[in-house]
Amino acid sequence: MAECPPDLAEAAVDACLRRSVLRAEGASLAFRHPLDRRTALARVPGPRAARLSLRAARVLHRTGDGPVPLLDLARLYAAAGHVREGEQGDEEGQGGTGAVLGSLGIAYTRLAFAHWETGDLPQAHAALAEADRTFSDLLDHDPLLWWSMSSDVGLVQTIRGALLTTEGRPEEALEGAAVVVANARQMAELSPALHGRDLAHSLSMQSRYLWEAGRRAEAVGALLEALHLYRQLAEVSPGDRDALPGRIDEAADRLIALDRHTEAVALVEEVLALQRERLAVLGPEPEEAGEAAFTAVHKARHYLRARRGADRLPWGTPAEIDAEAERLVRAADPAGLWHLLRAVPAPDAVRIAHRHGPEHWAPPEDGPGRAAALRLAARSRRPHAVDRAARIAGARAVWRLPRTRGPGAPEPASFAPGQQPVMAWETYRTRNQRGHGPHATRIDVYDLAGRSLLWSADHVGAGTDPVVCLGPDAVLALRAGSLWAQADLVLYRPGGRTEFLSSDPTLMDARMFATAEGFVVLPRGASVALVAERDRPLREVRLADLGLVHGCTTYAVDPTGQRVLLAGDDRLVLTDAGLRPVSARGGWRLPEGHGPVDAAVFLSPDEVVTSASNGGVWLFDQEADRILLTAMSDAPRMDRLFTVPAWRVLGGRAAGEETVHTFDSVDLAPVPLPRPLAGHSGRGPRTVTASPGGRYVVHGAEVHDLGLPLSFAGRLVASLTPADRAALATFLDGGGATPSAVGELLRLVRDLASAA
């Protein structure tokens, strides 16, 4: 209508408003629907439409107090066919002037950056003012060229924002950042492929200024929006893909600073996965990039372990659990209390549910977990009765070994490798049964699943080291030889059979352990180890070839029996069951201050805990071809380390004492003895032995079977694995839980475990 007489234009506008083709937006007009605009423009001849679009663009970018409407300008210039003032004058000359202005603006921007780096802030501000003036002239002279240089224009504000933040003026920096983000948003809407990166960078910049200004939540919101864009860019750009882990890590750090750990954990896990992919590409001997990736992996694993450790409350004491329940009630957090009830042992859940009514914790009626909630809410389920049923069930999950002979040996229990339910139990023969001196013992081999004695053998030991159970049909032992200071390496078999393997004075007080493939013998002070693998003869392995020049101080075998840890004075070596190194590096030097290893235990094939001669417990994770220290805790020197995953506990006996110390097996924080070990008196056992994988725990003459569904009555519901839940369902379906109170309690455990 710009070329119509005023009266005709006014009448046309009124008609369009009445027919809802146009709508009023303040002092301006707009088409109600994009199709209306397209239809109207389609009826205007091409040259005239281009001329009108150009006039509208010029008016638009020279008027208004708000940000430049880049998206509308771009559409108008596109409709004008990129017509410039040069159509009415010297186009080449106009274009040349615009190019000069653009180059001059970039030069001033670089000069400002140089002054900033040298600390000359006044000169930096002056250069930025010139850059602003130059780009403003370019906007008046050639809006389309200015539009194409929007990234350079935005860089001026980025540098100014950094200067203002350095000077303690983040609020002023935010004003410029808001303009840059608004412009970048319009540009990205027009062409995401070309300008998505500019928008991501501007949001990241704005986030930093918001953070400096103390507007932390807004800062994280802007950074997460930028991160969403960076993820999209990483899918198509190798450079953005390489930079993505660092950008995610920055967002995670911001969330951690705000204690938003649930969101942070997800981002840290993403960083860990990306860095592992990078390490896999870089290979076994990465250079600088690989070192940075390992550092990032170490940081991520350390944080994730700390977060898992912080979630220990369900494993706490009844008083700690009750205090947390009270806090959640006061905070009016029914979801949090319901989560707690589904994690703690069932007797604790019943006690809390009766203390605080369902209105404080029950899930929605149409939500998951309704069956468990109804069982908890039943007033017929009294806490004292539930405690009694739990004790009954727990007692039935404990087997007391028959002591028909003498007292137990110093280390009486030896479990078969690879989580076989077989144990050798060694006891001293009574005085009138010995006949062969003070080292006469009896070896009983038990089937733990069936709670039955398989076979027995008489033994006269060489020294006091324990025997080694290899399976249901073999026990390895050092027998007193026919000559003084001579030891025989023998295998005891069912039916009274004995197999002679070797004899040598160096075997006196040798250390032995079972593997999934056979066994290993470490003569004390010797430079070799004897290795037996399935259906193969004994062979020697030189410890020096493993990097243990000064011998081996201790060892550990993982729950599968396939991986072995050997420790020297200052080194750790991981091998397979045949003592072949699993790492091309051979081994790893212990951290400074650790000292020689007194004892070690595997938490998993990739996690090992050591007790150091200088004190303390240290947790190492294997990552690619390295080990990473991810947790440590003060502790006395200990031996006989054990771990029980179902109790989330790691423990050991203090050297020279008859005291068991226990720690959280996730972050090594000191924790009280598990309730089944503490007993009614609160005094713990003097020694504890756990089977590979931790299903069977022996103290005194008691064997706790933590894989038996009856033991689940007192276990944390959160500790039940999918295999545990399947075993519980099978047990209940078979009617194995009697009396009825125990069955009801186990059904409650099942429902709590299955509640999503």
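## Starting at S665

Let's begin with one residue: leaving aside residues up to four places away in sequence, S665 touches R305, L603, L619, T643, R648, V649 and L650. This is a predicted model, so everything here describes a prediction. S665 sits in the loop between strand 26 (660-664) and helix 20 (675-678).

Is S665 buried or exposed? Its relative accessibility is 12%, and buried means under 20%, so S665 counts as buried. Another neighbour in space is W647: S665 and W647 are 18 residues apart in sequence, and their C-alpha atoms are 8.9 Å apart.

## The chain as a whole

Now for the wider view. The protein chain has 22 helices and 29 strands. It runs to 756 residues, and 48% of them count as buried.

How do the contacts spread along the sequence? Take the contacts in the protein chain between residues at least 6 apart in sequence: 50% of these join residues at least 24 apart.

## Two nonpolar cores

In soluble globular proteins, nonpolar side chains tend to be buried together. Here, the largest nonpolar core has 44 residues, and L199, Y209 and L267 are the ones with the most contacts inside it. Which helices each supply at least two residues of this core? They are helix 8 (150-166), helix 9 (170-190), helix 10 (192-212), helix 11 (216-234), helix 12 (238-257), helix 13 (261-282) and helix 14 (288-310). Helix 11 gives the largest share of this core, with ten residues.

Pick out L267 and you can see who its partners are. Not counting residues up to four places away in sequence, L267 touches L224, L227, R231, I248, A251, A252 and L255. Apart from the largest core lies another one, of 38 residues, and A373, L710, V749 and A753 are among them.

## Helix 22 and its partners

Two packed helices are described by the angle between their axes and the distance between the axes. Start with helix 18 (residues 370-377) and helix 22 (residues 740-754): their axes are 8 Å apart, and they pack at an angle of about 140°. Helix 18 and helix 22 are therefore oblique to each other. The crossing, as helix 18 passes helix 22, is left-handed. On the helix 18 side, the contact is made by A371, A372, R375 and L376, while helix 22 brings E744, R747, L748, R750, D751 and L752. Sorted by class, the contact of helix 18 with helix 22 has five nonpolar residues, no polar ones and five charged ones.

Helix 22 also meets helix 17. The axes of helix 17 and helix 22 come within 10 Å and cross at roughly 85°. That angle falls in the 65 to 115 range, so helix 17 and helix 22 are roughly perpendicular to each other. From helix 17, A346, A349 and V350 meet L745, L748, V749 and L752 in helix 22. What classes of residue make up the contact of helix 17 with helix 22? The split is seven nonpolar, no polar and no charged.

## Helix 17 meets helix 15

Helix 17 (residues 346-355) packs with helix 15 (residues 318-330) too: their axes come within 11 Å and cross at roughly 35°. The crossing of helix 15 and helix 17 is right-handed. P318, I321, D322, A325 and E326 of helix 15 make the contact with D348, R351, I352 and R355 of helix 17. By class, the contact of helix 15 with helix 17 divides into four nonpolar residues, no polar ones and five charged ones.

## A strand residue and two loop residues

M632 is found in strand 23 (residues 626-633). At 47% relative accessibility, M632 counts as partly exposed. Setting aside residues up to four places away in sequence, M632 touches V617, W618 and L668. M632 and V609 are 23 residues apart in sequence and 9.0 Å apart in space, C-alpha to C-alpha.

Finally, a look at some backbone angles. Q419, in the loop between strand 4 (408-415) and strand 5 (422-428), has a phi near 65°, a positive value in a residue other than glycine. D509 has a positive phi as well, near 60°, and is likewise a residue other than glycine. Where does D509 lie? D509 is in the loop between strand 11 (498-504) and strand 12 (511-514), and at 33% relative accessibility D509 counts as partly exposed.

Methods
Residues numbered from 1 in each chain as written. Predicted model: local features only at pLDDT ≥ 70, side-chain atom pairs only at ≥ 80, totals over all residues. Heavy atoms only, no water. Core = buried A, V, L, I, M, F, W, Y, C linked by side-chain atoms within 4.5 Å. Buried < 20%, exposed > 50% of the residue type's maximum accessible area, 1.4 Å probe, protein only. Helix = DSSP H or I, 4+ residues; strand = E, 2+ residues; numbered from the N terminus. Contact = heavy atoms within 4.5 Å. Axes fitted to C-alpha atoms, helices over the stretch in contact; angles between N-to-C directions. Parallel < 35°, antiparallel > 145°, perpendicular 65-115°, else oblique. Left-handed = near helix turned anticlockwise from the far one by under 90°. Nonpolar A, V, L, I, M, F, W, Y, C, P; charged D, E, K, R; others polar.
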